[in-house]
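Q: I'd like a close look at one part of this chain, with the surroundings filled in as you go. Take your time and keep it chatty.

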Amino acid sequence: PGMPKAAQEWLSDQYAKRAEVRYQDGLKAGLERVKKPMMNLIERIDAYEKAKDSDSKTRGEGAFRDSITENVKEAVECLASFNLLGDPELKAFTNSPILFQNVKAKDLRNDAQLRAGVRTKAQETIERLKNLMG
């Protein structure tokens with residue numbers, strides 16, 4: 001009360017700018033949270049392919065666990081919840097079918113063609129994440 005209107009507007013503007021910076025920082029953290037399990041997915045597919053015809057699979061080196069796909073799904077769901085401002089690009093990204101929400105680890109273990117396709121899409125998704133992160 002009693003503050004000049006110009007000062008009120010300046011403070012309001014400063015608050016809005018800080019809120020935008022915090023929002024963008026949170027969004028980048030969310031994008032990074034999707035990137036990591038996506039990279040793990042690629043690593044595990046590569047390790048599975050390498051170990052499937054060798055003895056190392058019996059030692060667990062080529063294991064492809066259900067958590068690999070579940071981690072991607074959870075990270076995408078978390079990222080979708082960050083879209084507080086209704087960003088259409090982020091919404092399109094999190095709703096995109098290339099994020100493998102319906103792909104199960106069991107299916108990947110049993111289907112070499114599916115593994116190859118998911119690996120390619122995961123790599124494309126990582127590139128898309130990098131573009132979103134700016």
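**From a surface patch to a buried arginine**

A: Let's begin on the outside, where M3, W10 and L11 come together as a nonpolar surface patch with about 320 Å² of accessible area between them. (Patch members have over 30% relative accessible area and no salt bridge; nonpolar side chains, meaning Val, Leu, Ile, Met, Phe, Trp and Tyr, are joined within 5 Å, like charges within 9 Å; areas are Shrake-Rupley, 1.4 Å probe, with only the protein chains shown as cover for residues.) Keep in mind that this is a predicted model, with local features needing pLDDT of at least 70 and side-chain atom pairs 80 or more, while totals for chains, interfaces and linings use all residues. Numbering starts from 1 along each chain as its sequence is written, and side-chain values use heavy atoms, without hydrogens or water.

M3 sits in the segment before helix 1 (5-51) (helices are DSSP runs of H or I, at least four residues; strands are E, at least two; numbering is from the N terminus). M3 counts as partly exposed because its relative accessibility is 38% (buried is under 20%, exposed over 50%, partly exposed in between, 1.4 Å probe, protein chains only).

Now follow helix 1 along to E49, which pairs with R115 in a salt bridge whose closest N and O atoms are 2.4 Å apart (the term needs a Lys or Arg side-chain nitrogen within 4 Å of an Asp or Glu carboxyl oxygen). This pair ties together distant parts of the chain, 66 residues apart: E49 belongs to helix 1 and R115 to helix 5 (residues 112-133). The two partners differ in cover: R115 is buried because its relative accessible area is 3%, whereas E49 comes out partly exposed at 30%. What does R115 touch, leaving out residues up to four places away in sequence? I45, Y48, E49, K52, L108, R109 and N110 (contact means heavy atoms within 4.5 Å).

That bridge is one of six in the structure, and helix 5 has others worth a look. K121 and E124 meet at 3.6 Å, N to O; they are three residues apart in helix 5, so about one helical turn separates them. E127 and K130 repeat the trick at 3.4 Å, again three residues and about one turn apart in helix 5. Here the accessibilities put each partner in the partly exposed class: 35% for K121, 41% for E124, 38% for E127 and 38% for K130.

Going inside, the largest nonpolar core has 25 residues, of which L31, V34, M38, L41, F64 and L79 touch the most other members (buried Ala, Val, Leu, Ile, Met, Phe, Trp, Tyr and Cys, joined through side-chain atoms within 4.5 Å). At least two core residues come from each of helix 1, helix 2 (66-81), helix 3 (88-95), helix 4 (105-110) and helix 5, with helix 1 giving the largest share, nine. Zoom in on L79 and, beyond its neighbours within four places in sequence, you find L27, G30, L31, V34, L90, F93 and T94 in contact.

Stepping back, the chain has five helices and zero strands. Of its 134 residues, 32% are buried. Among contacts with a separation of 6 or more, 69% join residues 24 or more positions apart. The chain exposes about 8700 Å², with carbon and sulfur atoms supplying 52%.
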